[in-house]
Amino acid sequence: PPASQNNEQGSTLRDLLTTTAGKLRLGSTDAGIAFAPVYSTGTASGKSGRTMPNILDDIIASVVENKIPPNRAPKTNVKSEIKDEPKDDKKCVQDDCSKRYSDIQYSWICDKHVLWLRDHKNNNNWKLFKECWKQGRPVLVSGMHKKMNFSLWKAESISLDFGNQQADILNCKDSIISNTSVKEFWDGFEDVSKRQKVKNGETALLKLKDWPSGEDFKAMMPARYEDLLKSLPLPEYCSPEGKLNLASHLPGFFVRPDLGPRLCSAYGVAATKDHDIGTTNLHIEVSDVVNILVYVGIAKGNGVLSKSGVLKKFEEEDLDDLLRKRLKDSSELPGALWHIYAGKDADKIREFLQKIAKEQGLEVLPEHDPIRDQSWYVNKKLRQRLLEEYGVKTCTIIQFLGDAIILPAGALHQV
């Protein structure tokens, strides 16, 4: 609310963090934490640093000191303020919140681990999203391409506008990066005969990674940037100006994560002999991620699977019944296969991959982290072993044209 309506200090995140800012020595990266360490002033002890618990104490003290002014008694009855909140988030999810959110079209997939919002136009989607997001669950929103200018995102359109530029292109199979013209990548996007060949004559699986990204995206592709921003799902959370987008309210002294946007484009594996490789290996992002599938190319040429062959490959996955139903819908166009894991399973997965590396005779260095290094695509056989030996289940999602997949920070995923 405007300052004229609310003079209570510490009533917003910005006020709270700003009141704490005076105690922080800015610019320090000690301990690798988001807050700079708090330093004592005017002491003769010679001790300059303090620990994380002290920082939290200061912030809590700031809340206590500033949230309730001395001339105003604290509120004792808060029931009226939270009457719209469910008593038990998990119960809400388990019971499908059917009565509470009867005006929202949604389903649960992956054993109720992923929320699927089926009507991207519903302005109340964010209310159900909030309940799911509290528990760190991924969310799928379908139909986003219906809000976008589809012609802007076609392969030939991007090639025509930016084909003369150079960019780093990754060969996903051997991780070799080369600097190539953007046109060469896009020419082979749907025509396999124009794709690069590797030494043994196989077709290369190429990826144009994070091109363009961030401010470059906005400067290079202003029309596409605006089209993307106006089409973001759940704008209350995902829009740069969203009222519930934490990053948009952080004070200037915070180092913000790179929030993009980034354009990630890759050939499919349908034209390769090895279908056990991915275009994005298993990894973790440090911030929440919104990934919208804006275009699906239909590859043609020798060695490419037919449409029925591609669908068969998808059907071989451990899929939710609702996803199998979408595969049979001729109006839906599948384009990407995701495997997602909860952040709590990261240590088990890391231990498992190091075990597999040793079995394969690979050197496992103490500083080697298979997740951080993004060195593994966990194929079907390994996913089964991961379940049997470590009890870690894979959440498998097919991303169709126009699907937005929203992942919480720390969720492991591969594509």
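Strands β10 (334-341) and β11 (395-400) each supply at least two residues of the lining of the second largest pocket. Helices (H or I, at least four residues) and strands (E, at least two) are DSSP runs, numbered from the N terminus. This is a predicted model, in which local features need pLDDT of at least 70, side-chain atom pairs count only at pLDDT 80 or more, and totals for chains, interfaces and linings use all residues. Residues are numbered from 1 along each chain as its sequence is written, and side-chain values use heavy atoms, with hydrogens and water left out.

**The pocket and its surroundings**

The second largest pocket holds about 380 Å³ of space. Its lining has 16 residues, of which C110, D111, K393, T394 and C395 lie nearest the centre. The search ran on a 1 Å grid over the protein atoms alone; a pocket is an open set of points where a 1.4 Å probe fits, with protein on both sides within 12 Å along at least five of seven lines, and lining residues have an atom within 4 Å of a point. Grid points are joined across faces, edges and corners, and the volume is the space filled by probe spheres set on the points.

C110 sits in the loop between β1 and β2. C110 is buried, with a relative accessible area of 13%. Buried means under 20% relative accessible area, exposed over 50%, and partly exposed in between (1.4 Å probe, protein chains only). Its phi is near 55°, a positive value in a residue other than glycine. K112 is placed in the loop between β1 and β2 too. Phi of K112 is near 65°, again positive in a residue other than glycine. K112 is partly exposed, at 30% relative accessibility.

T396 belongs to strand β11. T396 is buried, with a relative accessible area of 4%. Leaving aside residues up to four places away in sequence, T396 touches C110, E317, D318, L319, L323, L337, W338 and H339. Contact means heavy atoms within 4.5 Å.

**Two open sheets**

One open sheet has 5 strands in the order β1-β2-β3-β12-β9, with mixed pairing. Two strands pair if DSSP finds at least two bridges between them. β1 (106-109) and β9 (289-292) stand at the edges with a single partner strand each, so one side of each is left without a neighbour in the sheet. The twist averages 20° from one strand to the next. Helix α4 (residues 125-133) packs on this sheet, touching β1, β2, β3 and β12 (404-407), and its direction makes about 175° with that of β2. Axes are lines fitted to C-alpha atoms, for helices over the stretch in contact, and angles run from 0 to 180 degrees between N-to-C directions.

The other open sheet has 4 strands in the order β5-β4-β6-β7, and its pairing is antiparallel. Its edges are β5 and β7 (265-266), each with a single partner strand, so one side of each is left without a neighbour in the sheet. The table lists strand pairs from both sheets.

| Strands | Direction | Bridges | Opposite residues |
|---|---|---|---|
| β2 (residues 114-117), β3 (residues 139-141) | parallel | 3 bridges | L115, V139 |
| β4 (residues 166-171), β5 (residues 176-181) | antiparallel | 6 bridges | A167, T180 |
| β4, β6 (residues 206-208) | antiparallel | 3 bridges | I169, L208 |

The hairpin of β4 and β5 has 4 residues between the strands, and S175 takes a positive phi near 60° there.

**Cis peptides**

Most residues other than glycine have a negative phi, and most peptide bonds are trans. W211 and P212 are joined by a cis peptide bond, with omega about -15°. P212 lies in the loop between β6 and α7. The bond from G260 to P261 is also cis, with omega near 0°. P261 is in the loop between α10 (246-249) and β7. The C-alpha atoms of P261 and K218 are separated by 8.3 Å, although the two residues are 43 residues apart along the chain. K218 lies in helix α7 (residues 214-220). K218 is partly exposed, with a relative accessible area of 40%.

**Whole chain and confidence**

The protein has 14 helices and 13 strands. Of its 415 residues, 44% count as buried. Among contacts between residues at least 6 apart in sequence, 69% join residues at least 24 apart.

The average pLDDT is 80, and 76% of the residues score at least 70. pLDDT is the predictor's confidence in each residue, from 0 to 100. Over residues 1-10 the pLDDT is below 50, and this stretch has 14 contacts in the model beyond near neighbours in sequence. Residues 23-50 also have pLDDT below 50, with 35 such contacts. Where pLDDT is low, the predicted coordinates should not be read in detail.
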